[in-house]
Amino acid sequence: MPCTQGHAAATDTRELFTERDPGIEKLLSTMSLSDKVGQMLIAHCPAEYSGSDDRTVAELSSLISSGKIGGVMFLKGNTRDAAILSNRFQLLAPYPLLFSADMEKGLAMRLEGATEFSPSMAVSATDDPSLAYRMATVIAEEARALGILHSYGPSTDLNLNPDNPIINTRSYGDRIDQTVTMSTAFIDGLQDNGIMATVKHFPGHGDVTVDSHVALPVLDKDRRTLEATELRPFKAAIDHGVMSVMIGHLAVPGLTGSLRPATLSWRVVTGLLRQELGFTGLVITDALNMKALYENHTLEEISVLAVEAGNDLLLFSPDPGLTHTTIVKAVRNGRIPVQRIDDAVRRILVAKKWLGLERKSIVNLDRLSASIGIDPHQELARMISERALTVVRDRGPYLPLQGKASQNPLHVVLEDKNHSNSGEEFEQKMKHSFGAPTIRIGQKATDAAYRNALQRARNASAVVLTTYVEVLSGSKALSLNENQQAFVRRLDSELPSGTPLIMISFGTPYLIRHFPEIPTYLCTYGSSPLSEDAVVKALLGSLRPKGRLPVSLRTSAE
């Protein structure tokens, strides 16, 4: 059964995966090789169901009913369809399925209708680990209501590179002790409430500049440096009792002596994680559809190498049927020992028993509205958003916007994506609270658009600049383009003396490194409506921001 006491997970988890369970050993002895390999595969499925003619669901149902899939990770969709699919798939499976999702910011990352929380860096900015624990407790409650029992979080990557395009605000920051404190609280909040936590992306994805969805990142550090930095939060989580570790798709030549991705490296997965750090729980790959793996390998090679490296669960193969066939063939021809498969499946069955999946679990559709997105959960999300709001600097001071400054402010949205609707809600909130008009400056704004914006800014009582530069899979940079940056600098130099210029980042805090001249800068770390509400309150003066930066901005102006 799941542990029920806070901070009781460590010894429980160590013993859990090392003691032999007679019931599990008996079950393992009755399973075919095909069944065993199936247990190791986690397929993907959008949480959307269009009915009996849904081709994606039909294809996955066939794999599940034949025992070639042991779990399902839900992608974008909604909570009700996720529940319907959870029940459908569970009833088809010969063995109970393990449902999972990426829930770093809550189920709302994937499923509409769930509670949306701020990203991990915002939670760190509150400097209150009890909020991390309470947030994870809410996530666990909502996930269990849908039959989702495995969370791919928290991220224990140290965001040591401000230009990291894929970790960034998903991390708890760049400080080891704070990352350890926050992540262990989050782990406890999940595992104390019956959800298996996963730390990622081992051995550390925070000091790279390439998104592994796009290409293979290289973490170019020697062993001593890794032990002093990246590895420390992972070791702390392992010692604390985290049940699952996800391997990142990045090359670490200081550990492997090559550019082989860590996911496919025996030295990283078995040599370092298992043997040196003593991790006894489940090891899972990052998604196997990511381009980082395919620079030198085919899916068949990736599937075999991932098992040989020591991974127990293979996540999101683009062709799970092919992966299953390939691994079975590799065992039968003697390349992969049967013992390697048995060891992995034994750990999977142990985890499923701990999660209460000895028997199939059916979701009660009538109870969803009582557990998901409810008012107490939303209130906690609001509290975290408000506590996280950080005033990086206010040289005026220009906060709050009161008196003459509040009479005729201008709101300018700096868009970093084409065809973006970022900030549309905040635009309405600025209009409602201050009567402020909004100008949008996109990546392809014309010279005329810039001239118009500058002229209107000169006539405004204050200028509020907002950006929505956030972590996005497949993105290559977290920044504004050169024209937009030049516009911001011109604003600072050309506004009448005493006119407040306030920049607000609804995303990464690192943008301010490019604008040391900006007098007032706030950061929310995320773009949820609750974060926007917190900013409006700060501008009005009804909220005094108390968030603290959990990263170093490394700018000469600080």
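This text leads through the nonpolar cores and two of the sheets in a predicted model.

A good place to begin is the inside of the protein, where the largest nonpolar core gathers 123 residues, and where Phe89, Leu107, Leu146, Ile148, Phe202, Leu273 and Ile341 touch the most other members. Helix H7, which spans residues 129-145, gives this core its largest share, namely 9 residues. Taking Phe89 as an example, and leaving aside residues up to four places away in sequence, one finds that Phe89 touches Cys45, Val57, Leu60, Ser61, Ile64, Val72, Leu97 and Phe99. Apart from this core lies another one of 37 residues, which includes Leu414, Phe487, Leu511 and Val551.

From the cores we can turn to the strands. One open sheet is built from 3 strands in the order E6-E7-E8, with parallel pairing, and its edges are strand E6 (198-202) and strand E8 (282-285), each of which pairs on one side only. From one strand to the next, the twist of this sheet averages 25 degrees. Strand E7, residues 244-247, is joined to E8 over 4 bridges, and within this pair Val245 stands opposite Val283. Across E6, E7 and E8 lies helix H12 (residues 266-276), which runs at about 155 degrees to E8.

Another open sheet contains 6 strands, arranged in the order E10-E15-E14-E13-E11-E12, and its pairing is mixed. Here the edge strands are E10 (390-394) and E12 (438-441), while neighbouring strands are turned by 20 degrees against each other on average, if direction is ignored. Within this mixed sheet, strands E13 (residues 462-467) and E14 (residues 501-505) run parallel and are joined by 5 bridges, with Val463 standing opposite Leu501 in E14.

Key
Residues are numbered from 1 along each chain as its sequence is written. This is a predicted model: local features need pLDDT of at least 70, side-chain atom pairs count only at pLDDT 80 or more; totals for chains, interfaces and linings use all residues. Side-chain values use heavy atoms; hydrogens and water are left out. A nonpolar core is a set of buried Ala, Val, Leu, Ile, Met, Phe, Trp, Tyr and Cys residues joined through side-chain atoms within 4.5 Å. Buried means under 20% relative accessible area, exposed over 50%, partly exposed in between (1.4 Å probe, protein chains only). Helices (H or I, at least four residues) and strands (E, at least two) are DSSP runs, numbered from the N terminus. Contact means heavy atoms within 4.5 Å. Two strands pair if DSSP finds at least two bridges between them. Axes are lines fitted to C-alpha atoms, for helices over the stretch in contact, and angles run from 0 to 180 degrees between N-to-C directions.
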